[in-house]
Amino acid sequence: MSAQTEVPTPSFSVPPGEHAGREEAPRIVPVRRTGRWAAAVAVLLLLAGALVSVVRNEAFQWDVVGAYLTTDSVLRGLGLTLWLTGLVMVLGFALGTLLAVFRLSGNPVLRAVSWGYIWLFRSTPILVQLLFWFNIGALYPQILGVDTVNLLSPIAVAVIGLTLHEAAYAAEVVRGGILSVERGQLEAAQSLGLGPWRRFRRIVLPQAMRSIVPPAGNMLIGTLKGTSIVSIIAVQDLLYSAQLVYHRTYEVIPLLLVATLWYVAITSLLSIGQYYVERHYARGTAGAR
């Protein structure tokens, strides 16, 4: 009997597309997010209810708000607030940049002076600082032979006090921005023979602005609102202008709403500007949008 050799039977794999006509592809069902939509609807209903309550509440006296919103006294106060905000930010960042350079200096005396300044002015409330400057005549009746009792006007006191206060925070913002620049960038610029000023202006500052702009924008908005504190020393800013009116008419709520609406409008414009400035300096980075 002859031996029979078994021939293996070849196995064939069926391509995936062969059963496409016979089997239905699985259907993808989106995840139901009932809780998320229910919470969104509830929040929108609450906001709508609050808005209707504010609009229909006669105690807000919206007709009085509209009448005083663009009066000359309010607009003059708004102009002074904007002028004070811009001047304080420019002077504060100029002094703050100098303090940041001192803080990063190799000179221990300059580092100590900068650290002490920042520590002192960040530790003292701005209201206390303004009152000290307002009463500088009681502390030093004369400085270098000059009578200081009537030397500083309330506006000058506001500029000095706010500037010195903002400079302490601006110094830390600028210092953080400078430290965010990689050390290799400075070494490369130095190897090219660039001087210290050109290195700072052409290499350090453009890259540091990515870290400086966001907190600087927040400081600008904070300074705009913080200028309202100068009303305590009779500087006729936006809030003080509104106070002068309601002290005469006793319409406190409508005049406070006038000041609030102007603060909200200017702050919103500044926020839009901050967004575009941040996007400009974030070009070429992962955070650009």
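Where does Ser231 lie? Ser231 is found in the loop that runs between helix H9 (196-226) and helix H10 (238-249); helices here are DSSP runs of H or I with at least four residues, numbered from the N terminus. The model is predicted, so local features need pLDDT of at least 70 and side-chain atom pairs count only at pLDDT 80 or more, while totals for chains, interfaces and linings use all residues. Residues are numbered from 1 along each chain as its sequence is written, and side-chain values use heavy atoms, with hydrogens and water left out.

With a relative accessibility of 14%, Ser231 counts as buried, a term for residues under 20% relative accessible area (1.4 Å probe, protein chains only). Beyond its neighbours within four places in sequence, Ser231 is in contact (heavy atoms within 4.5 Å) with Asp237, Leu239, Tyr240 and Gln243.

Turning to the interior, the largest nonpolar core has 16 residues, of which Leu238, Trp262 and Tyr263 touch the most other members. Such a core is a set of buried Ala, Val, Leu, Ile, Met, Phe, Trp, Tyr and Cys residues joined through side-chain atoms within 4.5 Å. Helix H3 (72-103), H10 and helix H11 (252-281) each give two or more residues to this core, and H11 supplies the largest share, seven residues. Apart from this core lies another, of 15 residues, including Ala100 and Met209.

The buried residues of H11 include Trp262, Tyr263 and Ile266, and among the elements covering the buried residues of H11 are helix H2 (62-68), H3, H9 and H10. Leaving aside neighbours within four places in sequence, the contacts of Tyr263 include Thr81, Leu224, Asp237 and Leu238.

Technical notes: Buried < 20%, exposed > 50% of the residue type's maximum accessible area, 1.4 Å probe, protein only.
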